[in-house]
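Student: I am new to this structure. Please take me through one part of it closely: the largest pocket and the helices around it.

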Amino acid sequence: MDPTAMKVLGFSIIFLATAAGAALVFFFKRELSGRLNTLFLGFASGVMVAASVWSLLIPAIDGAEETYGAWSLVPAVAGFLLGGAFLVAIDKLIPHLHQGTGEEEGPPSHLKKPAKLFFAVTIHNIPEGLAVGFAFGAAAAAGGQGALVSALGLAIGMAIQNFPEGAAVALPMRAVTGSRLKAFLYGAGSGAVEPVFAVVGYFLAANLAAAQPWFLAFAAGAMIFVVVEDLIPAAHLSEHPHFGTWGSMVGFAVMMALDVALG
């Protein structure tokens, strides 16, 4: 496949998969059952953890060896923590409502509940877009078809977990908004931020080669932050522990297989 086509495909599918998942609101009469919702969220968390390790942190450490030598862990560790700090800062700046815990964060506002739920999901989709963009940017700087295929594998993994995530957003949103169309637009719109930040991440990584290990680790830290703060609480693992646990394990295995097969 042409390199440009691979980039366009990678940046597009992460949004299209979210929109496709959100479209289930037109076919389901009710919200997802507690067990299915736990399974979906567990799967998403597993994919994100595996992507953080196999597609981001390990390449960050490997890429830093030439510059840092024995200290190649420095950008991985520091970038990872900075990614979490970035999400904390975003949480403090944008008013939103966590779907799993019902906790409100950000400055006081008069936004309605649907908007706050929308912002919560949108904020936590930013790291996924950055991860895909950083991966493609690093691949473009490295050159070679293999690196681009590996980046596309990461995008495919993100897209796979975005489908159930889109459904998990849109279906509950229908009860909040009272409209299937509005629920779909909220669900699909929450994923629109991903290709935008993928493009930003791509140009940063492609043009600042020395900072690539930092960027990759940053995206990993931000995604792990999302998993721990949002996906796991929203999954309500205490109610359906095996569904969430197996969902997470299968998601991890799927992403790991994609990375090994295409990496």
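Tutor: Start with a yardstick. The expected span of a helix is 1.5 Å times one less than its number of residues. Now apply it to helix H5, bearing in mind that this is a predicted model. H5 has 33 residues, so it should span 48 Å; its end C-alpha atoms are 45 Å apart, which agrees. H5 does bend, by about 30° at Asn-162. A proline, Pro-164, follows that residue within four residues. Just after H5 comes Gly-178, with a positive phi of about 75°.

H5 also helps to line the largest pocket, and so do H2, H4 and H8; each of these elements gives two or more residues to the lining. In the chain, H2 covers 34–68, H4 covers 113–142, H5 covers 145–177 and H8 covers 212–235. H2 gives the largest share, seven residues. The pocket holds about 450 Å³ of space. Its lining has 21 residues. Look for Pro-59, Ala-138, Ala-139, Gln-212 and Leu-216, which lie nearest the pocket's centre. By type, the lining divides into 13 nonpolar, six polar and two charged residues.

Next, compare with the record. An unreviewed UniProt entry places the feature "transmembrane region" at several spans, including 39–58, 117–141, 147–171, 183–205 and 211–231. Take residues 117–141: the chain there is 100% helix and 0% strand, with end C-alpha atoms 37 Å apart. Residues 183–205 are 96% helix and 0% strand, and their end C-alpha atoms lie 35 Å apart.

Methods:
Residues numbered from 1 in each chain as written. Predicted model: local features only at pLDDT ≥ 70, side-chain atom pairs only at ≥ 80, totals over all residues. Heavy atoms only, no water. 1 Å grid on protein atoms, 1.4 Å probe; cavity = no way out; pocket = protein on both sides within 12 Å on 5 of 7 lines; lining within 4 Å. Points joined across faces, edges and corners; volume = space filled by probe spheres on them. Nonpolar A, V, L, I, M, F, W, Y, C, P; charged D, E, K, R; others polar. Bend = angle between axes of the 7 residues up to and from the residue. UniProt positions renumbered as here; feature names shortened; annotations may be inferred.
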